Amino acid sequence: MESWPSPAVPRLADLGFGDAAPPRVRDTSTGELRAVEGRDGVVRMYVCGITPYDATHLGHAATYLLFDLVQRACLDAGREVRYVQNVTDIDDPLLERAVQTGQDWRAIALRETALFRDDMAALRVIPPTEYVGAVEAIPDIVDIVTRLRERGAAYDLDGDVYFSVASAAGFGAVGHYSAEVMLRLSAERGGDPDRPGKKDPLDCLLWQAAKPGEPSWDSPLGAGRPGWHVECAAIALRHLGDQIDVNGGGSDLVFPHHELSAAEAEVVTGTPPFARAYVHQAMVGYEGEKMSKSRGNLVFVSRLRAAGVDPMVIRLALLAHRHDTDWEWHDAELDVATARLHRWRAALARPSGAPAPVDDLRQALGDGIDTPKALDVVDAWVATEGDDTSAPRSTAAAVDALLGIV
Ligand code: 5CA
Ligand code: ZN
C-alpha cells in the first residue's frame, strides 16, 4: 500500500553532537526498560495499524506518535529503522460498518485509510518503510497458516482453522495475565472462548471459512478470510524476518492480539522471542471512558484540523502525556499546547540563547520515551536567556529531530 510523505528529519550528528545512545523503552513483557540496539545497525519495528472503518482519533494518534518518537530516537542513535505497519482492511468491524451504512467495505477502507494518511502526514509522523494491507498479505497469511498446520499447531473446526495455544511454549509471556483475565479479554476483544469444539477456549481463528454474503479468497485452506492475529504475525515475518526489536501498539492489544501473534510467529520460526521488546501506548480516554470507535466518544484529528487547529498544537498536546499511563483528553489541552508552541517558536527565533539542551533532551527520550520530561527540558531552555548565537538553531534542530515539532 502507499504510505504517506516523510517529514525531513535533521541529523544532530551532522551538527556536531555525535550519535545518541540507543533509547531504552519500557518492555511490557518484563516491565523493564530495554535498550533498542537493533542488529547490524538496523532496528526492526512492527506497529499495529488501523482498522479503517472510521476516522483517526486522538488515541490512535497518540499510539503512532509514540512509535514515531521511538523511531526518531533510534535514528538519532545512528540506526537505520525498518518500520512495518499493517492496515486491517478486512475484518468484522469493517463488514459490520458496511452493512450499517450500505457502503462497500472496500470503499470504506480506502476512504478511511486515505484520511489516516493525511492525518499522519499533517502530524509529521514518519511513515513506515512498508505499509501493508491484510488483503494484499493474504498469500503470506495462507503460507503461515500452512506452516502452523505442518507443525501440528493448527486444527480444523467445521471448515475454520484454529491456532492451538498449547503448541506455543511461550504463550502468556507477553501479558502475564491469569487464565481468568485472558478468558475475559478474549471475549471482549474479538475472540470466541465459548465456541464449542475448540481444544482450548483461548485458541484463535487463523482462517475463517467463507460465509454467504461475506468476502472470501480462494486458497489451499479453502475459500475464506484470515483471522486477525495471524495477519500481523505474517506481515511482520515476511517484511522483517524471524525476530524483531519492537512490537508496538496500544495497550488494548497486549492481550489477545500481541500475545497470540507472538505465539504464532514463535511456533513458525522456532526462535523465541518474536520481539525483544513489546511497547504499548496506554489508553487515551475522553468523557470518562476509553476513546473508541465502538463507544463513539471520539475526538478526530481530521476534525480538529478542519477547525483550523495547527497540527503541531495537536502533536504537542499529545506529547505532554506519558505513554505508559492511561490519561484523559480535555479540550483545554489545545489552549495549553497553543501557548507553549508560541513560546517555543518565539524563543527559537531569538538571535541567541542558553546552550542547546541536546543532551538533556536525548536523556529524557532515551529513558523510556519520557515526553513530558522532554517538554520540560525545552520549556526550561525557552525560559532562560543566553548569549550562545548557535543555540537557537541547534535547539530548533533537536526539537525537530527528536520531537518532530517545527
Ligand atoms: N488493526 C488493529 C491492529 S492490528 C487495531 O487495533 N486497529 S484500531 O484501529 O482499532 O487501532 C489502531 C491502533 O490504535 C492500535 O494500536 C490500538 O491499540 C490503538 N488505539 C485504539 N484506541 C486507542 C486509545 N483510546 N488510546 C490509545 N491507543 C488506541
Ligand atoms: Zn496487529
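Helices here are DSSP runs of H or I with at least four residues, strands are runs of E with at least two, and both are numbered from the N terminus. The model shown in every view is predicted.

**Overview of the protein chain, with 13 helices and 14 strands**. The C-alpha trace spans about 75 × 45 × 35 Å along its principal axes. For 406 residues, a compact globule would have a radius of gyration near 22 Å; the chain has 22 Å, so the two agree. Buried residues account for 57% of the 406 residues.

**Close-up of the zinc ion (ligand 2) and its protein donors, Cys48, Cys232 and His257**. The two cysteines bind through SG and the histidine through NE2. These protein donors lie 2.0 to 2.2 Å from the zinc ion. The site has four donor atoms, and the angles among them run from 103 to 118°. Four donors count as tetrahedral if all angles lie between 85 and 135 degrees. The zinc site is therefore tetrahedral. Along the chain, the donors follow the spacing C-x183-C-x24-H. Cys48 sits in the loop between β3 (42-47) and α1 (58-76), whereas His257 belongs to helix α7 (residues 254-269), so this pair ties together parts that are 209 residues apart in sequence. Cys48 and His257 are both buried.

**Close-up of the cis peptide bonds that lead into Pro256 and Pro273**. The bond from Phe255 to Pro256 is cis, with omega near 0°. Pro256 is part of helix α7, as is the zinc donor His257. The bond from Pro272 to Pro273 is also cis, again with omega near 0°. Pro273 falls in the loop between α7 and β11. Pro273 also helps to line the second largest pocket, which is shown next.

**Close-up of the second largest pocket, with about 170 Å³ of space**. The lining holds 18 residues. Closest to the pocket centre are Ala173, Glu266, Pro273, Ala275 and Tyr278. Helix α7 and strand β11 (275-281) each give at least two residues to the lining. By class, the lining has 10 nonpolar, three polar and five charged residues. Helix α7 thus appears in this view as well as in the zinc view, where the helix carries His257.

**Close-up of the largest cavity, with a volume of about 100 Å³**. Rolling a probe the size of a water molecule over the atoms shows where empty space is left. Across the whole structure, the search finds one cavity of 30 Å³ or more. The residues lining the largest cavity include Ala62, Leu65, Leu66 and Leu69. Leu318, Leu319, His321, His323 and Trp327 are also among them. Gln281, Ile369 and Thr371 complete the lining. Two elements, α1 and α9 (311-319), give two or more residues each. The largest share, four residues, comes from α1. Eight lining residues are nonpolar and four are polar; none is charged.

**Close-up of Leu58 with Leu318 and Ser292**. Leu318 lies in helix α9 and is among the residues that line the largest cavity. Its relative accessibility is 5%, so Leu318 counts as buried. The C-alpha atoms of Leu318 and Leu58 are 8.0 Å apart, although 260 residues separate the two along the chain. Ser292 belongs to the loop between β13 (289-290) and α8 (301-306). With 6% relative accessibility, Ser292 counts as buried. From Ser292 to Leu58, the C-alpha separation is 9.8 Å, across 234 residues of chain.

**Close-up of positive phi angles at Arg124 and His176**. Arg124 is not a glycine, yet its phi is positive, at about 60°. This residue is in the loop between α3 (105-122) and β5 (130-133). Arg124 has 14% relative accessibility; buried means under 20%, so Arg124 counts as buried. His176 is not a glycine either, and its positive phi is about 55°. His176 is found in the loop between β7 (160-163) and α5 (179-188). At 54%, the relative accessible area of His176 is over the 50% cut-off, so His176 is exposed. Arg124 is thus buried, whereas His176 is exposed.

Methods: Residues numbered from 1 in each chain as written. Chains lettered and ligands numbered in written order. Predicted model: local features only at pLDDT ≥ 70, side-chain atom pairs only at ≥ 80, totals over all residues. Heavy atoms only, no water. Donors = N, O, S within 2.8 Å, 3.2 Å for Na, K, Ca; no water. Tetrahedral: all angles 85-135°; square planar, octahedral: opposite > 155°, others 65-115°. Buried < 20%, exposed > 50% of the residue type's maximum accessible area, 1.4 Å probe, protein only. 1 Å grid on protein atoms, 1.4 Å probe; cavity = no way out; pocket = protein on both sides within 12 Å on 5 of 7 lines; lining within 4 Å. Points joined across faces, edges and corners; volume = space filled by probe spheres on them. Nonpolar A, V, L, I, M, F, W, Y, C, P; charged D, E, K, R; others polar. Rg over C-alpha atoms; globule rule 2.2 N^0.38 Å.
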